[in-house]
Amino acid sequence: MPFEGDNMMGVKRNNRSAILRILHEKGEMSRKRLAESMKLTPAAITKIVGEMLGEGLLVEGEAVSSGTAGRREIMVKLNERHACALGLMINIPKTVLSAVWLDGTVIFSEEYTLERNHPAEPTVQKLCARLMELTEQHGLSRGQIIGVGVAIRGVTSLDGRSSANSFGAFAEAGFPLCERVEALTGLRAVLSNNVRALFAAHMFLSHDQAEGSQFFLRCEYGIGASLTIDGKIWHGVTEQCAEIGHIPVVRRGGKPCVCGKSGCLETIASPTAIREDAMALLSPEQTPVLWKMCGERPDELTLDNVLNAACSGDMGAAEIVDRAVSTLGTALKSVIYLVDPSKIVLYGQMFDNSYYLSRLLSEVREGVDSGHAVEIQTSPYNHLLEDKAASLLAVQYYFDNGGLL
């Protein structure tokens, strides 16, 4: 293991970062309480806070009683409108262009339809041009913008600068995404896999940086996941940690997957797979309830139709859903025994369906002993993170660097 020291600038950055994180997670606080939380001297905190107040990054609040007779402490808090961040959430079929303030409040959000396997360069040029147009339309000055967060499906490079494999979002692999976004916008770019970005946004907004491990499962079009250890997102040696959706679960004859393999979990248990399997089976004879629900028109079939038909006793639909639930439940049980997480967070449309959710929870709990008391919950921000997750990547980078660009 390499050991490195830190110079004075590094110490300053770390202290400023800690102040920003504490004020974001706990709200306003006095200098005295900050010093106690960080185990620094009051003089050191006064100096650092004074600099941040002078920059406008922090502001003073009310004076409150310190608990000592005659003494009052002036509170300090994060100035959430001091700066903003831009974001590109690149996914199929929906890409989202956004901007947020430092607390995650959305300034603007616009959807852009992205078809599969488009050339990367002209696509990124269009996205960046439109992003900067929106920035101008909403009156955001360059001095306010701290950077651009970019979240993309698939696998990112080891250096965190390129899209190694976007699973069809771009026609090319190995596209230098950060470099091109920086050249086109003139702003620093921060890159992440899209599911990790969603999980980071979930933790940021819920102020949930707890110790231990958490597992975040996203089921929207496909299946993606992310894992934290001691409050930090784990990336793995090849930037592919928690790729649960691409675990092979069918040895022979499995359906092709967007990752290039076949028989992956995603090809059985994802919302897309459930709908495709139902479409292949759809008929008055094999799925009578489902046939009526979609108005006898296959092109009107939705995931909710399939889940509701299964709940209503349609045997064909129920068989598809049961297979998906069983396969995903087995994968999650493996996570519980391998990782022993304190919490599993579910994110996606299908978890809004009470029938599906109850079936999945029953499947996961069956065969898991009482010693693994993992909490399983649907994210309180279900469907609400796509318009801010990418932008929040830049905010969190800013916080990590103590508000120093």
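Me: Hi! Which residues touch the most other members in the largest nonpolar core?
Reply: Hi! In this predicted model, that core has 47 residues, and the ones touching the most other members are Phe 215, Leu 217, Ile 244, Leu 328, Phe 351 and Tyr 356.

Me: Which helices and strands each supply at least two residues of this core?
Reply: On the strand side there are S11 (213-219), S12 (223-229) and S14 (343-347). The helices are H8 (271-281), H9 (288-293), H10 (303-311), H11 (315-339) and H12 (354-365).

Me: And where does the largest share come from?
Reply: From H11, with 11 residues.

Me: Nice. Let's zoom in on Leu 217. What does Leu 217 touch, not counting residues up to four places away in sequence?
Reply: Leu 217 touches Ile 223, Gly 224, Ala 225, Ile 244, Leu 328 and Leu 332. Its list also includes Val 345, Leu 346, Tyr 347 and Phe 351.

Me: What lies apart from the largest core?
Reply: Another core, of 44 residues. Among them are Ala 35, Leu 57, Phe 204 and Ala 390.

Me: You listed Val 345 as touching Leu 217. What is the bridge partner of Val 345 in S15?
Reply: Gln 377. Strands S14 and S15 (residues 375-378) pair in the parallel sense, over 4 bridges.

Me: How does the chain cross from S14 to S15?
Reply: Through H12, and this β-α-β crossover is right-handed.

Me: Changing topic: where is Ser 270 found?
Reply: In the loop between helix H7 (266-269) and H8.

Me: Is Ser 270 buried or exposed?
Reply: Ser 270 is buried, because its relative accessible area is 2%, and the cut-off for buried is under 20%.

Me: What lies 2.7 Å from a polar atom of the Ser 270 side chain?
Reply: The backbone oxygen of Glu 266. Leaving aside neighbours within four places in sequence, Ser 270 is also in contact with Tyr 221, Gly 222, Ile 223 and Leu 265.

Me: Now rings! How many aromatic pairs are found in the whole structure?
Reply: There are 5. One of them is Phe 170 with Phe 175, an edge-to-face pair. Their centres are 5.6 Å apart, with 65 degrees between the planes.

Me: Are Phe 170 and Phe 175 buried or exposed?
Reply: Phe 170 is buried, with a relative accessible area of 2%. Phe 175 is buried as well, with a value of 8%.

Me: Which residues do ring pairs link into a cluster?
Reply: Phe 199, Phe 216 and Tyr 347. You met Tyr 347 earlier, in the list of residues that Leu 217 touches.

Conventions
Residues numbered from 1 in each chain as written. Predicted model: local features only at pLDDT ≥ 70, side-chain atom pairs only at ≥ 80, totals over all residues. Heavy atoms only, no water. Core = buried A, V, L, I, M, F, W, Y, C linked by side-chain atoms within 4.5 Å. Buried < 20%, exposed > 50% of the residue type's maximum accessible area, 1.4 Å probe, protein only. Contact = heavy atoms within 4.5 Å. Polar contact = N/O pair within 3.5 Å; in protein donor to acceptor, adjacent residues only side chain to side chain. Phe/Tyr/Trp six-rings, centres within 6.5 Å; stacked < 30°, edge-to-face > 60°. Pairing = 2+ DSSP bridges. Right-handed = clockwise from strand over helix to strand, strands pointing away.
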